[in-house]
Amino acid sequence: MSRSAHSAAHRIRPCTAALTAAAALTAVGTAGPSATADGTPADPRSGGAPAAIRTLTDGLTTPWGIAFLPGRTTALVTERNTGVVWKVGPDGSKQKAGTVPNAVWDQQTEDKGGLLGVAVSPTWNGTSDQDVFFMETTRQDNRVVKMRFDGTRLSGYTPVLTGIVRDTQLNGGTIAFGPDRYLYVATGDARKGTLAQDKKSLNGKILRITKSGAAAPGNPFGNRVYSYGHRNVQGLAWDKAGRLWSTEIGENRWDELNLIKPGKNYGWPTCEGSCSVAGMTNPKMVWKPDEGGVPAQIAVVDDVLYVSTLKGRRLWRLPLDSTGQDVATPTAHYNGTYGRLRALVKVPGSRTLWLGTSDRGKGKDLLLQVTLT
């Protein structure tokens with residue numbers, strides 16, 4: 001199902017005791033936190049509200065993934081439509097690092113594959129370790145590939161994990177190294193829901209692999225699968241306690257925020273959103289697609305989750321409650337101001353986010369810098 005951008009209301013539905021369906025939400029602009037209907041703060045936890053936003057750089061075409069180089073304030077940014085990778089500095093200066101071969105995006109056929117996520121080796125230093133990983137949609141499949149980056153230019157091209165069934169839209173695409181230094185890979189179900197429940201399939205999963213593409217040690221089923229029962233995972237991020245959170249696009253009813261645990265079944269296609277079927281793990285929060293939903297990516301700063309949205313056209317701030325297992329009252333920011341929002345990452349060593357607009361047209365997308373309180 002295609003999820004084009006439309007105007008959106010401000011409601012989301014919680015899936016935990018920490019929230020009620022009557023929680024009042026107010027979208028906010030470029031400064032200050034939201035408040036409830038009676039004027040009291042929407043969230044008793046202090047800090048973490050977006051306080052300022054500015055354009056860091058422009059001239060981009062659908063930035064999809066952002067990954068910072070270890071020990072640096074410079075990041076690699078992928079463009080879905082072009083296959084181009086940009087090196088972007090903290091002042092917004094950008095330099096073309098190269099192009100990832102074989103990535104396919106076709107506007108005429110609405111093929112929304114192309115160049116997707118990027119992850120830099122945790123031990124990258126530009127010399128003895130130059131490994132950078134990408135996920136791309138080729139003519140044949142979705143795949144994870146490795147290239148070398150010396151700090152200036154990309155070179156080489158080595159497929160690491162191939163054969164992930166491709167689709168026009170449901171490709172997943174985010175990749176990220178976890179605190180354990182293994183690579184986590186989000187895949188879509190390619191419109192074949194049965195694959196999501198098949199633990200032998202790579203589709204509809206969060207995978208956990210080594211740099212060579214092999215199953216990481218300790219995976220729950222002895223293969224590459226870390227969790228299953230997913231439709232289209234878009235974002236992956238770890239909180240400071242090492243818990244993995246994900247955002248997932250559903251079909252027609254609900255989009256999801258999930259707390260990911262190894263070996264758990266997240267329900268698709270039996271469940272969309274919460275359900276009472278035995279053996280299924282329910283989301284921590286759901287959005288209606290037309291009402292602030294279609295979540296893209298996720299970042300974590302301290303005890304607060306931030307989620308960019310496509311159809312919702314806003315940035316959600318979702319503080320964790322005192323248990324760290326659930327979400328307290330959410331607030332929405334920049335509702336409609338910048339259009340569809342996708343690429344999102346925390347800037348290392350600072351209380352700032354990099355946030356990318358999406359689908360504005362060739363050379364019309366922005367990379368924004370959000371400063372947090």
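**Exercise 1. How much space lies in the largest pocket, in Å³?**

Solution. Before we start, some ground rules: this is a predicted model, where local features need pLDDT of at least 70 and side-chain atom pairs count only at pLDDT 80 or more, while totals for chains, interfaces and linings use all residues. Residues are numbered from 1 along each chain as its sequence is written, and side-chain values use heavy atoms, with hydrogens and water left out.

Step 1: the term. Working on a 1 Å grid over the protein atoms alone, a pocket is an open set of points with protein on both sides within 12 Å along at least five of seven lines; a cavity is a set of points where a 1.4 Å probe fits but cannot get out; lining residues have an atom within 4 Å of a point. Grid points are joined across faces, edges and corners, and a volume is the space filled by probe spheres set on the points.

Step 2: the number. The largest pocket holds about 870 Å³ of space. It is lined by 31 residues, and closest to its centre are Phe 68, Ala 176, Phe 177, Trp 238 and Val 345.

Step 3: the strands. Here helices (H or I, at least four residues) and strands (E, at least two) are DSSP runs, numbered from the N terminus. At least two lining residues come from each of E4 (63-68), E8 (115-120), E12 (175-177), E16 (233-238), E20 (295-301) and E24 (341-346). Strand E4 gives the most, with five residues.

Step 4: the chemistry. The lining has 23 nonpolar, six polar and two charged residues. In this count Ala, Val, Leu, Ile, Met, Phe, Trp, Tyr, Cys and Pro are nonpolar, Asp, Glu, Lys and Arg are charged, and the others, Gly among them, are polar.

**Exercise 2. Describe the protein as a whole.**

Solution. Step 1: count the elements, and you get one helix and 26 strands.

Step 2: look at burial. Of 373 residues, 59% count as buried; buried means under 20% relative accessible area, exposed over 50%, and partly exposed in between (1.4 Å probe, protein chains only).

Step 3: check the contacts (heavy atoms within 4.5 Å). Take those between residues at least 6 apart in sequence: 54% join residues at least 24 apart.

**Exercise 3. Find the disulfide and say what surrounds it.**

Solution. Step 1: a disulfide is a pair of cysteine sulfur atoms within 2.5 Å. The whole structure has one, joining Cys 271 to Cys 275 with an S to S distance of 1.9 Å.

Step 2: the link is right-handed, with 70° about the S-S bond.

Step 3: compare the two ends. Cys 271 counts as buried because its relative accessibility is 4%, whereas Cys 275, at 21%, counts as partly exposed.

Step 4: look for a cavity. A search finds one of 30 Å³ or more, and about 60 Å³ of space lies in the largest cavity. Cys 271 is in its lining, along with residues including Arg 231, Glu 248, Trp 254 and Trp 268. By class, this lining divides into five nonpolar, three polar and four charged residues.

**Exercise 4. Pick out the unusual backbone angles.**

Solution. Step 1: recall the rule that most residues other than glycine have a negative phi, and most peptide bonds are trans.

Step 2: the peptide bond from Trp 268 to Pro 269 is cis, with omega near 5°. Pro 269 sits in the loop between E18 (255-260) and E19 (285-287).

Step 3: Arg 191 has a positive phi, near 65°. Look for Arg 191 in the loop between E13 (183-186) and H1 (193-197); at 41% relative accessibility it is partly exposed.

Step 4: Val 294 also has a positive phi, about 60°. Val 294 lies in the loop between E19 and E20, and is buried at 1% relative accessibility.

**Exercise 5. Work out the surroundings of Val 307 and Val 160.**

Solution. Step 1: Val 307 belongs to strand E21 (residues 304-309) and is buried, with a relative accessible area of 0%.

Step 2: leave aside neighbours within four places in sequence, and the contacts of Val 307 include Thr 247, Trp 287, Trp 316 and Leu 344. Leu 341, 34 residues away along the chain, is 9.3 Å from Val 307 between C-alpha atoms.

Step 3: Val 160 is in strand E11 (residues 154-164) and counts as buried at 13% relative accessibility. Not counting residues up to four places away in sequence, Val 160 touches Phe 133, Val 144 and Lys 211, among others.
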